[in-house]
Each structure stands twice: as C-alpha cells, then as structure tokens.
Amino acid sequence: MAASKLLLQQARQLINNDNNYKGAQVCCNKVLLKEKDNYLALVVLGKILGNSVEACLVFKKAIACEPKKSLAWLGLARYYEQYRYSVQELLTIYNELLKLDIDNKKALDVINKVAKIGYRFNNVKSIHILLNYLGNVPSVKIYIVGKYQLLKLLRANILRNTDDASIENYLSQEKLNGPLYDLICISLAKIVLRKNNIAKAFEEITKWPFFSPNGVFRNWLCKYLCSNLIKFDSFELDIQKYKTVLTQGIENSKYSNLLNSMISYDLKLYSDAYNYKRVINFDDIEDIEAVFIIKCLYMLKHWVTAEKLAIKLLITAKDTYYTNELRKFLFLSYAEQKKWSQAIRVGTEIPLRCLDFYGVYVLAKSYIENEEDADHLIEHLQMTEYYRQLKALILLKQEKYDEVLKILDKNTKDPVESLYIARSYWHLNEFELCNIYLIRAAIYNPNDADTYYYRAIYYQDFKHNAKLTKICFEKAHRLNTADINIIKTLSDFYKKEGYKTENFMLLKSVSHYVVDQSWIYYRIGLCCLDYDQWESAIEYFLKAIKYNDQDADAYESLAEAYYSLGYLKKSHESYLKLIKLNPQKNLYCLTRIGQIQTLLNKFDEAIIAFEQVLRFDPDYLLAIIGITETWMKLANTQVSRKFYHLARSAAQTAINYLITALYGRNKVIALWTLLGNAIIFITKLPDDYCFFEIRFDNSVDLGNLGILYIKSNMYKLAYFCFWRGRSILPPRLEMRIGRKLVEEIFEEEESADLFRYSCPPDLGIGYEQWVTKILLHQTLKSGHECYSRSFS
C-alpha cells in the first residue's frame, strides 16, 4: 500500500510538473499490476489516456470498484463532454453524481449542466433528474438554484406526452411565495392546460386562490390564449366569459391589450384588431405580435403592406413556428397580388406539413399560373374540391376550353368553377353563356375581384357598355387594390373614355402602396403634364426610371419635361440615354440635342448634331428647320459683333438649306417663313453685304417668293421673281398680274393691262378695290397694301 501511494504521488508530480504522461502511465501500470482494482490508479490512468476508448473503459472500471465515489464519475463526465458528446450518457452520469455526497460547488455545476442540456435539446429527462434531486432536500442554496432551473425548464414548455403526476404533485406542494412564485403558478397552469381541454382547464384555473391576486400569472394566461388563436384560429372557449377576470387590474399590460385586439379579430372586426399596431414597439416586437399584425393585414386585403412588413419581420423572427407563419402569410400575399414567381419562392421555403389544404392549393395554383409543373402538389389534394379546380386551370392555360367544360359540373355552386366555365365560354365565343356563369360566380362569391374583372371585359368588348364596364372595373379594384392587371386595365379604360381626373386619382392612390411598378409613375407623370404640373411630372418620371432604368418612354418624357422647363443640360443627358435605350429614336433625339445646343449658344455642336441627322435622312423636316434656325441665330450673333460678312455668310447658308428643302415641300409654311426672314435679314445689312443668291427653277415657287417680297415691301425683288417665273412658264396668269402690279407701284399710274389679265374674280375685286382707293385720293401705298391683301 505504501509503495502504491508513492507511485501515485510520483505519477501526479510527473503530470503536474513535467507533463510527462508516459512516465505517469508507467507508474499507474506498476500499481495496477500489484492492485488491479486500485481506484485512484484507475482514475489517474483514465485521465492520462485522454480521448481514447480505453480511458472510458478505465473510468467505468473505477466506478464499478467504487460506485459511491465521485472522482471516476467526474472523469467519465469530462470524457463525454470533451471527446464523445452524448446527451443520454451525460444525463445518466449527472443523475448519478447528484445522488452522491459532493460539495455545493460541484453540485451547482452539475445542476446547471443538466438544465443546459434540457434547454438545448428539449430533453424531458433533465426535468426528472432535477425533480428527483430536489426531492432529496439538499441545502437551501442548492435547492433554490435547482428549483429555479426546474421551473425555467417547465416554462420553456419542453414537456412531451409523459406522466406529469410527479411534477404536478411537486408543484402543488410548493409554498406559493418568494421569488419563484410566478414561475410555480405558470408551471402548474401548463400542466393543467395540457391535461384538459382549454375550457375545462380555465374553469379550474380561475378557481385557484392565487389566480386573482397574481397579475403576472394572469398576464401569462392572456399570452397563452393569444398564442392559441394564432395557432388554431380560435380561442377554443367562451372568451367573453373570462375576459374581465383575466384583464382586471392589468388592462394596460401588453398581453391584455393583445388579447382584446384578438377578441376583435375573432369577431371579424379586423380594422379594430389592427389598431393594436399603435402600441407595438417595432424595434422590439415579439413573434406572436408580428404574426397577429400580418394576419390582420391579410384579412383586411392590404396585401402589399402585409408583404413589406412580413419581409421586415422575418429578419428578427426567432421561433420556428412563427417564422413559418410569417412566411405563409407572405406567400399568400404574393399570390393575392399574382406575383406567382415570388409566391413559389417563399412557398417552397415552408415545410409542406405547415400548410393546410388551401395553402397547398394556392402554391399549386402559383406553379400553374407561372406555367410550371404542379403535379407533386396536386396529388396531395385528390380528395378535396381543389383537385378539380386545378385540373381545370391547367386545361385553361393549355387553351383546351371544351375539356374544361367536360370536367366541371355546369350546375356547380362553386364560384371558382363557375368563373372557369365562364372564361371557357368566352374563348368559345359563347358570350351570353359566359355572362350567365359570371353572374353565378358573383352570386356565390360577391367578394372575388377576378369575377368582376371578367364581367367588365364582357361589358367592354361584347356589350360596348361603358357605364357598366366602369362599374365592374371599379368594383374589381375595390375588392383587390393590389392586382396590377386590374389597376392597369382600369387606367387604360379611364384614359380611353376621357376620365382624366379619375385616372389621375387612381394612379396617385395606388402609388402609395404599389411602389415597384414603373409604369404607374410614368402615367402619373403624363397626367401631371396634362395639368401643366411640370415639376411634379419630372418627379414621377424619375421614380419610373428608378424602378425601371430601361424605360425608354420615361426617359423621353423626362427629357421633354426638362426641355420645357429650361433644364437644358439635364434634358441633353436624358436624350443621350434615350438614344442608347432606343436607337430608333436616334434622329429625333439628335435633333432635340441640336436644338438644346442652339439655345445654349453652342452653335458648332448644334450644327454637328443636325448634320448627323441630315446625313441619315436629308428630308428630316425638324432637323432642316433646326439647322436653319441655328445658322440664323449665329448670323444675329455676328451682327451684334459687327462681323457683317460672317453674318451674311451664315444667313446665306440658311437660305441654301431652305431652297433645297423647298423643292420637295413648297407647301410647308414654316419653310417659307424662315426663308423670308433670312432674306429680310440680309436686306437689312449694310449695302456692301446686302446681297444673296437664290436659284429657283419652278415658277410656282418663284411666284410664292414674289408675294413674300411684296408683303415685305421689297418690290424690286418681287418684280424679278414674277419676271423670272413668267419666263419659265409664260402662260402663268399670276406671274403677269404680279409683274404688272409692281410696274404700277413704280410708275405711279393705273394700268389698263392689269384689268385685262384679271380673269379670276378674286383678282378683279382686288384691282377694283385698288382703283377705288386711288379715286378716293388715298396714297398709292395704301392702294397697294389693299391689293396685296386681296392678291395674297
């Protein structure tokens, strides 16, 4: 024995001082050769062997030798904790340790480890270990800690279908006072609620002597009932009977308020129930509150708001059940908005067991509407009414309308089947039968938006009844304010029928909750233009581009709005973007860019832009006008600088463009006006620069130009035009009359030849008026002006 003690001491020194485990192992083996059941040698050897299987066997051998000693049990516990983690093995070891006479520090450590396993793995055995330990009445300190951990485990609701009699007996014998008072009440109530149906359980609980005085306990009961409504969509008892006794004195507590709101929900007063959001702290929202608010939004058909809030709340959700509930309502909200791909994405994240038949039906419908295979879901619905509806929908999508009518009962009272029959008759051009089934669908379900949408289509395309079309479209929108197809079709109808105000109000209202549809903002922008709200129009065009930066129409309208308000640089940028998005608008955009550069006095850049256009299309009228105006503006700039030769050259260039254009467009007034202004501009230059070159080979064009000169009191030029026009085509009556008119102006005498050539009545009247003016002793100029007006 003495030799064994010396060897074991030597082994400990080798381990502690030198970390010499091999030497220590040799010492232990020497002891065990002499005493094979030496407890301390086995414990030290187990520690030396570390994570090997032999270590476990050595500890178990030591325990077999001395089962009432704790060293081997502690060594075996460390082995499983560090190397071979096993919940069941550890709980067995901890249970045995708590039966031994161990110091308080080790006992507290073991109790906390047992509780930790219970929380982490929802293990019921941990509850019974603590319960058995507390039954042995340990020291006060250990007892308080053990009871606290036990009650926390009970509160965590990890009990399964096990015999709760021992737990109930223990709790009922506890004195209901002290710091654990509330936990004991709640734990006892949980057991009673699990044993009975809720109605009987509440009848028993409300008779407990500590029910009324304990506000914390009653607040927990309120939470329990709220959780029941979320999970089962019912309180499963007469809630009005217990409402007062539950909430008395705690009316302002969170769960009392939540319970009152859920009672309103149970009574289908969804707006009143939704008012609970006013007291929610969204920075610290509980899962049960989150699901309840989403349920209210869904029942109120605020599907867009439900979608946004559910996405936000899913980030902070902790409980698996409530997380799946939030996903479920997000999925249903997507489906109601007909966002099929998003509905499929979220729906597939929910375990199928968490969806009821309706949820599976909606998911299958989403697949079908998204033109994907849904057979793996449809097979789960064979014994339900949804099976035939989904089969009919598949045939509708395949345009097999006769087969739809074969599989559906024409005497059905189901609104979905009636709608599918109506749609089939519509495509088969049986419009009156279609209307009959649409009416049936509306009777069976007056709250279905799709039914009223198709009724509106019927009145619009077949009956051509704008009044009834409007009524049905508006009813469809009221029933589903988030259906993008209904919104767009109603907006199209308003636009077509001239309901500008209604269209504007519709788009403005939906833009507050449907925020990702660029076309809505684009149309609002157009409405703003109708009301001359240019700044607002720009704001909405920018929003449209924010949600769809490939929207060429939005960029074009934005560029035009910027241009109209004088934001020329921004307009320029928008036209450049439009060219990239829609190359077919290239000529128009370059023309607009040229006009902008002209307004910015960047004449060279403007001319380059216009010339680019004219290289692609020499007859592009806007570019011809634009380049002419640019040259004339440049000419005016040169005059202000007194560079007359440059001014005349710029004006001559403008004239050249106009003459070329007039060969094909001699009836375009704008071109003649520009030509006249260019000529007049040159005639006002100093004498050395007052000359230009015009070549016309067409008598009509020369006649038009001659009249223009007469109106500008430029008689010599007019005479030349009429003379030139008559020489090209002598029989032209107008040319001779014009020439004689100018001769008379210069010669200051009446001409008998003029009357002889005035065959057309209107020209004769003009001559008569002119003669009358002369006889009345008016000036020659006045007579000429009168005649010019008649002549023109």
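Colleague: Let's start with a lysine. Is Lys254 buried, exposed or partly exposed?

Modeller: This is a predicted model, so read each value as computed from its atoms. Buried means under 20% relative accessible area, and exposed means over 50%. Lys254 has 33%, so Lys254 is partly exposed.

Colleague: Which residue forms a salt bridge with Lys254?

Modeller: The general idea comes first. Opposite charges on side chains can pair when the charged atoms come close. Here the partner of Lys254 is Glu286, with the closest N and O atoms 2.9 Å apart. Glu286 sits in the loop between α16 and α17, while Lys254 belongs to helix α15 (residues 254-266), so the bridge ties together parts that are 32 residues apart in sequence.

Colleague: How should I read the accessibility of Glu286?

Modeller: Glu286 has 24% relative accessibility, so Glu286 also falls in the partly exposed class.

Colleague: Which lysine meets Glu286 at 3.8 Å, N to O?

Modeller: That is Lys223, again in a salt bridge. Lys223 lies in helix α13 (residues 215-232), and Glu286 in the loop between α16 (270-274) and α17 (287-299), so this pair ties together parts that are 63 residues apart in sequence. Lys223 is partly exposed, at 33% relative accessible area.

Colleague: Which residues are linked in a network of salt bridges?

Modeller: Look for bridges that share residues. Lys223, Lys254, Glu286 and Glu289 make up such a network. Across the whole structure there are 20 salt bridges.

Colleague: Which residue forms a salt bridge with Arg327?

Modeller: Glu349 does, with the closest N and O atoms 3.4 Å apart. Check the elements as well. Arg327 is in helix α19 (residues 320-336), and Glu349 is in the loop between α20 (340-347) and α21 (357-369), so the pair ties together parts that are 22 residues apart in sequence. Arg327 is partly exposed at 24%. Glu349 is partly exposed at 42%.

Colleague: Now cysteines. How many disulfides does the structure hold?

Modeller: Zero. The test is a pair of cysteine sulfur atoms within 2.5 Å. Take Cys528: the nearest cysteine sulfur belongs to Cys527 and is 7.0 Å away, so by that cut-off Cys528 is in no disulfide. Cys528 counts as buried, at 1% relative accessibility. Cys472 is buried too, with a relative accessible area of 6%.

Colleague: Next, the surface. Which residues form a nonpolar patch there?

Modeller: Look for accessible nonpolar side chains that are grouped. Ile439, Ile443 and Tyr444 form such a patch, and together they have about 270 Å² of accessible area. Ile443 is placed in helix α26 (residues 431-444). Its relative accessible area is 60%, so Ile443 is exposed.

Colleague: Last, an annotation. Which residues does "repeat: TPR" cover?

Modeller: Treat a record as a pointer, then turn to the model. The unreviewed UniProt entry places the annotation on residues 518-551, 552-585 and 587-620.

Colleague: How much helix and strand is there over residues 518-551?

Modeller: In the model, residues 518-551 are 79% helix and 0% strand, with the end C-alpha atoms 8 Å apart. Residues 552-585 are 82% helix and 0% strand, and the end C-alpha atoms of that span lie 10 Å apart.

Key. Residues numbered from 1 in each chain as written. Predicted model: local features only at pLDDT ≥ 70, side-chain atom pairs only at ≥ 80, totals over all residues. Heavy atoms only, no water. Patch = residues over 30% accessible without salt bridge, like charges linked within 9 Å, V, L, I, M, F, W, Y side chains within 5 Å. Areas by Shrake-Rupley, 256 points an atom, 1.4 Å probe, with all protein chains shown as cover. Salt bridge = Lys/Arg side-chain N within 4 Å of Asp/Glu carboxyl O. Helix = DSSP H or I, 4+ residues; strand = E, 2+ residues; numbered from the N terminus. Buried < 20%, exposed > 50% of the residue type's maximum accessible area, 1.4 Å probe, protein only. UniProt positions renumbered as here; feature names shortened; annotations may be inferred.
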